[in-house]
Amino acid sequence: YQFSYNGKNLGSATRTLSKTGNAWKYVFAAKAGMIASATETSNFTLNNSQIQSSNFSRSSKILVHNNTMSIKFNPSSKSINTEKDKEKRSFAWKSGVLDELNAELQLREDLKTTGLKSNYLISDAKAIDTRQFVKAGNEKVKTNFGTFDTIKVIMKHHKPGRETIFWLAPKLDYLPVKVSHEDKKSSYGLLLTEYKGPSK
């Protein structure tokens, strides 16, 4: 992906999905020159098109500032343990809970099978949040890799001034060919430049 921040083309990003047996791994990595970098990793299993989260980690670096966050999902003990910048928390696990990265994959599975659910449970460092994803019609999106018919899906945030939009291409197994995120004064975007994987 081409990665842009506040409208400026700063760098590149990749999304990589791999599996070993039924253990899946999804990695998002973005880099903007020497200024900033971020990596998110989600490990999970997949049963009947439903994701079961195992663990999630994020590390980001902007100039000299490093931030880290991790989430461990423990269905057997019905708990979720998190650590963000050395602050630890624990709260109750719920069935079907996702992380911010594999939620995108659950959306893709649902669009391929039963359609979007009315809401999704997503864990962050502090708690489980209920999020809604709303289909907002179809749009053609032009990328460096080609022009695609996409389904536009908006993630509703509870905080005002925040919005995340995914443009998912059915032809590329519902891969997001474009992502846009706005958070009050800042925004970032992703636009596909290359793809290897299943396609129709």
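This report describes selected local features of a predicted model, namely a buried acidic residue, salt bridges, a nonpolar surface patch and the turns and pairings of several strands.

## A buried glutamate in helix α1

Helix α1 spans residues 102-112, and E104 is one of its residues. The relative accessible area of E104 is 2%, so this residue counts as buried. The side chain of E104 has a polar partner: a polar contact of 2.8 Å joins it to the side chain of R15.

When neighbours within four places in sequence are set aside, the residues in contact with E104 are R15, Y26, F166 and P176. R15 therefore appears both in this list of contacts and as the polar partner of the E104 side chain, whose own residue is buried because its relative accessible area of 2% falls under 20%.

## Salt bridges

Side chains of opposite charge can pair when their charged atoms come close. Over the whole structure, a search finds 14 salt bridges. Three of the pairs are treated here, beginning with E40 and R58, whose closest N and O atoms are 2.8 Å apart. This pair links distant parts of the chain, with E40 in strand β4 (residues 36-47) and R58 in strand β5 (residues 50-62), 18 residues apart. E40 has a relative accessibility of 16% and counts as buried, whereas R58, at 23%, counts as partly exposed. E40 and R58 also belong to a network of salt bridges that further includes E100, D129 and R131.

A second salt bridge brings together the side chains of K112 and D173, at 3.0 Å from N to O. Here too the pair links distant parts of the chain: K112 is in helix α1, D173 is in the loop between β12 (162-169) and β13 (175-183), and 61 residues separate them. K112 is partly exposed, with a relative accessible area of 35%, and D173 is likewise classed as partly exposed, at 25% relative accessibility. A further salt bridge is formed by D149 and K140, with a distance of 2.7 Å between the closest N and O atoms. D149 counts as exposed at 52% relative accessibility, and K140 is exposed with a relative accessible area of 61%.

## A nonpolar surface patch

Y5, L10, I35, I62, L63, V64 and Y188 make up a nonpolar surface patch of about 670 Å². Within this group, V64 is placed in the loop between β5 and β6 (65-74). V64 has a relative accessible area of 71% and is therefore exposed, the threshold being over 50%.

The patch also includes L63, a residue of the turn in the hairpin of β5 and β6.

## Strand pairing and hairpin turns

Strands β5 and β6 run antiparallel and are joined by eight bridges. Among the paired positions, S59 has T68 in β6 as its bridge partner. The hairpin formed by β5 and β6 has two residues between the strands, and L63 in the turn takes a positive phi of about 55°.

Strand β6 also pairs with strand β7 (residues 79-84), in the antiparallel sense and over six bridges. One of the paired positions is K72, whose bridge partner in β7 is N81. Four residues lie between the strands in the hairpin of β6 and β7, where K78 has a positive phi near 55°.

## Positive phi between β4 and β5

The loop between β4 and β5 contains N48 and S49. N48 has a phi near 50°, a positive value in a residue other than glycine. S49, which is not a glycine, has a positive phi of about 65°.

How exposed is N48, given as a relative accessible area? The value for N48 is 81%, and the residue is exposed. S49, at 25% relative accessibility, counts as partly exposed. The strands on either side of this loop also hold a salt-bridged pair, with E40 in β4 and R58 in β5.

Key. Residues numbered from 1 in each chain as written. Predicted model: local features only at pLDDT ≥ 70, side-chain atom pairs only at ≥ 80, totals over all residues. Heavy atoms only, no water. Buried < 20%, exposed > 50% of the residue type's maximum accessible area, 1.4 Å probe, protein only. Polar contact = N/O pair within 3.5 Å; in protein donor to acceptor, adjacent residues only side chain to side chain. Contact = heavy atoms within 4.5 Å. Salt bridge = Lys/Arg side-chain N within 4 Å of Asp/Glu carboxyl O. Patch = residues over 30% accessible without salt bridge, like charges linked within 9 Å, V, L, I, M, F, W, Y side chains within 5 Å. Areas by Shrake-Rupley, 256 points an atom, 1.4 Å probe, with all protein chains shown as cover. Pairing = 2+ DSSP bridges.
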